[in-house]
Amino acid sequence: MDEGRKQRIIIVGGGTAGWMAAAALARFTDRAITLVESEAIGTVGVGEATIPQLRLFNAGLGIDEAEFLRETRGSFKLGIEFAGWSCDSSRYMHAFGSVGQGAGLLPFHQYWLRAHASGIAEELGRYSLNETAARAGKMQIWRPSPGAQAPDMPWAYHFDAGLYAAYLRRYCDARGVTRVEGTVSRAEKSPDGGTLTGILLDDGTSISGDYFIDCSGFRALLIEGALGSELEDWSQWLPCNRAVAVPCAGTGEFTPYTRSTATRAGWRWRIPLQHRIGNGHVYCSSFMSDDEAAANLLDNLDGAALDEPRVLRFTTGMRRTQWSGNCLALGLAAGFMEPLESTSIHLVQSAIARFLGMLPGSVPQPALIDEFNRQASFEWTSIRDFLILPYHANGRVGEPFWDACRAAEVPETLQRKIGQFRAAGFVHREYEELFTDAGWVQVMIGQGIWPDHWHPIADTVPESDLAAMMTVLEQRHVQTAAKMSDHAPFLRAYCAPAVSP
Ligand code: FAD
C-alpha cells in the first residue's frame, strides 16, 4: 500500500450487516469506505428482533434512541415468550435481565427451587421484572438520578429492518462513505490466491481495495465464492431450514416482547412494530411443505396480510473461517443459526467490535486473524447450544418433527450443561458466553428440565423466611410494573419529536 494513502475498505452488501459495518467503520476509523449494493438483488428483508446489546452499538454511533425508534418504526422488547414448546397450552418467557435476587452464596434460583418444591413460590417468571412488566404490557425507562437506584430492566428493540438499513445509510452518507449501486460479478485475487485485490461489477467497473467485508448475505460471494471458506453445517442440531414471512396490520396486542409459538414442525414469530406486525414461520422442509407453513402463518395473523408470504431457504451453520486473509464475513455471509433468540444482528455487532479491536494494519496479521476466528467460533457454538435447548427439551410428544428433535443427540457442550443443571441446578457460564445464567435457568425450567435437587445451602433458610423472601420479591415487581406506562403510549410519547419552545 502507498504510504500516505488511506486504507480502502470495500464492503459488499447493503443489508443490515453491510450498513452496520459501514457506520461503525466510518465512526471509529479514518479508512476510506466504499459500500457496493445491488438494488436488483435486494436484501433478505427480515431480522427485526434484537437483544439489549444493540443499544450499546447504537450508543457507540451516537444515535439518539428516540430518533432511532421513530425512524425505524420500532418498539420495545423485554424478552421472548415461548408458547406451546412443551404442550399447546404451555407458556414461559426468556426475559432479559435478572430473575430474583441471590442471597449469600447462592443464586436466586436455588432458593426458588426449594420454595417451589414446598409450594411457597410462584412460577419462576414472577420474579423477573422484565417478565412481570412484559406480561402487563408495560414499559418504562429510568434515567440515573442521584441517590435513587433505578430498577434493573434491560430492553431491546423490534424494528423495521429495511428502515434501519436506510437510517444507517443516511448516517454513513453524512460521514463520507461512498455507496456504489451495482452487482458484483467476481472478485480478483492475489497471485497466491490467499487475499483479495478487488471486485468487478457487471458493468465492467473494477474497484480495488485493501480490506474487504463480505456482507453479501446467503450468497457469501467473497468469503466462500472467492476464498472457499466453507459452512460448518449444523442441521443435525438445528433442523429448521426454511421460513415464510409476511407482515400484517397491527390490530392485536402491542406486546413489549417477541412471541415464538411452536407449530407442528417449527415455530412462528410475532414482532409488533409501530406500523405493522412482522410475522414468520420457521420450519423444517422434511416435515412441512411450504404451502402448509404459509397457510398456518396466514391463519394466525392478527390483522390483514400486507403482502404476499415470502419463502426463505437456509442451512443452519457457521462459516468455519470468518476472517480469511484480508476478507471478513459478517451477517448471513458468516453463517446463520435461525432466529429463535434474535442473535444474528448481535453477531454482526460483536464481530464488528472484535474486528475494530484488532484493527488491521496494512498487512493482515495471521496471529490476530486466528484469534478472531477462535473467539468467533466460541461465541457461535455457545449460542448454538442455547438455541438447541428448547428443540431438544420440547414436550410435544407424538409429533414426528418434535419427536426427532428430542431423539437427536446434542453437542457434548450442551449435554454437559444439561447434566450439571439436572444434578444440582448448577449453571456455569463460560468466559464471554452471550447468554446469562438467568437465561439458561429460564429456558431449562421453561422446557421442563428440573434439577434432581437444589443446593443444600438453600435448606438452611427457615421456610417462613423463604416464603417471605419470595413474597417480597414478587410483590416488589408487581408494584414497580403497576407504576409504569402502557407500552403504546409510552412509545408514542418517547418518540414524539421535541417541540421547540
Ligand atoms: P442481506 O440482508 O441479505 O443483504 C445482502 C446484501 O448483499 C444486499 O444488499 C444485496 O443486494 C447484496 N448483494 C448480494 N449479492 C450481491 C452482488 N452480487 N453484488 C452486489 N451486492 C450484492 N436476525 C436478528 O438479529 N433477529 C431476527 O429476528 C432475525 N430474524 C430472521 C429471520 C429469518 C427468516 C432470517 C433468514 C434471518 C433472520 N435474522 C434475524 C438474520 C438477519 O436477517 C440478518 O442477520 C441481517 O438481516 C443481516 O443480513 P445481511 O445484511 O447479512 O444480508
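Here is a short tutorial dialogue on reading strands and a ligand shell in a predicted model.

Trainee: Let's start with the strands. In which sense do β1 and β2 pair, and over how many bridges?

Mentor: Strand β1 (residues 8-12) lies parallel to β2, and five bridges link the two. To find the pairing in the viewer, look at isoleucine 10, whose bridge partner in β2 is threonine 34. The chain gets from β1 to β2 by way of α1, a right-handed β-α-β crossover.

Trainee: Which strand is joined to β2 by four bridges?

Mentor: That is β8 (residues 178-181), which runs parallel to β2. Here valine 36 has valine 180 of β8 as its bridge partner.

Trainee: And how should I picture the side chains along a strand?

Mentor: In a regular strand, they alternate between the two faces of the sheet.

Trainee: What is the strand order in the open sheet of three strands?

Mentor: The order is β13-β19-β22, with antiparallel pairing. Both β13 (231-233) and β22 (335-336) are edge strands with a single partner, so each has one side without a neighbour in the sheet. Between β19 (residues 317-319) and β22 there are two bridges; methionine 318 has glycine 335 of β22 as its bridge partner.

Trainee: Now the ligand. Which residues come nearest to it?

Mentor: Of the 38 residues around the ligand, the nearest are Gly13, Gly15, Gly47, Gly217 and Gly331. Elements giving two or more residues to this shell are α1 (16-28), β2 (32-37) and α9 (344-357). The largest share, three residues, belongs to α1.

Trainee: How many residues of each class does the shell have?

Mentor: There are 18 nonpolar, 17 polar and three charged residues around the ligand.

Notes
Residues numbered from 1 in each chain as written. Predicted model: local features only at pLDDT ≥ 70, side-chain atom pairs only at ≥ 80, totals over all residues. Pairing = 2+ DSSP bridges. Near = placed C-beta within 6 Å. Nonpolar A, V, L, I, M, F, W, Y, C, P; charged D, E, K, R; others polar. Right-handed = clockwise from strand over helix to strand, strands pointing away.
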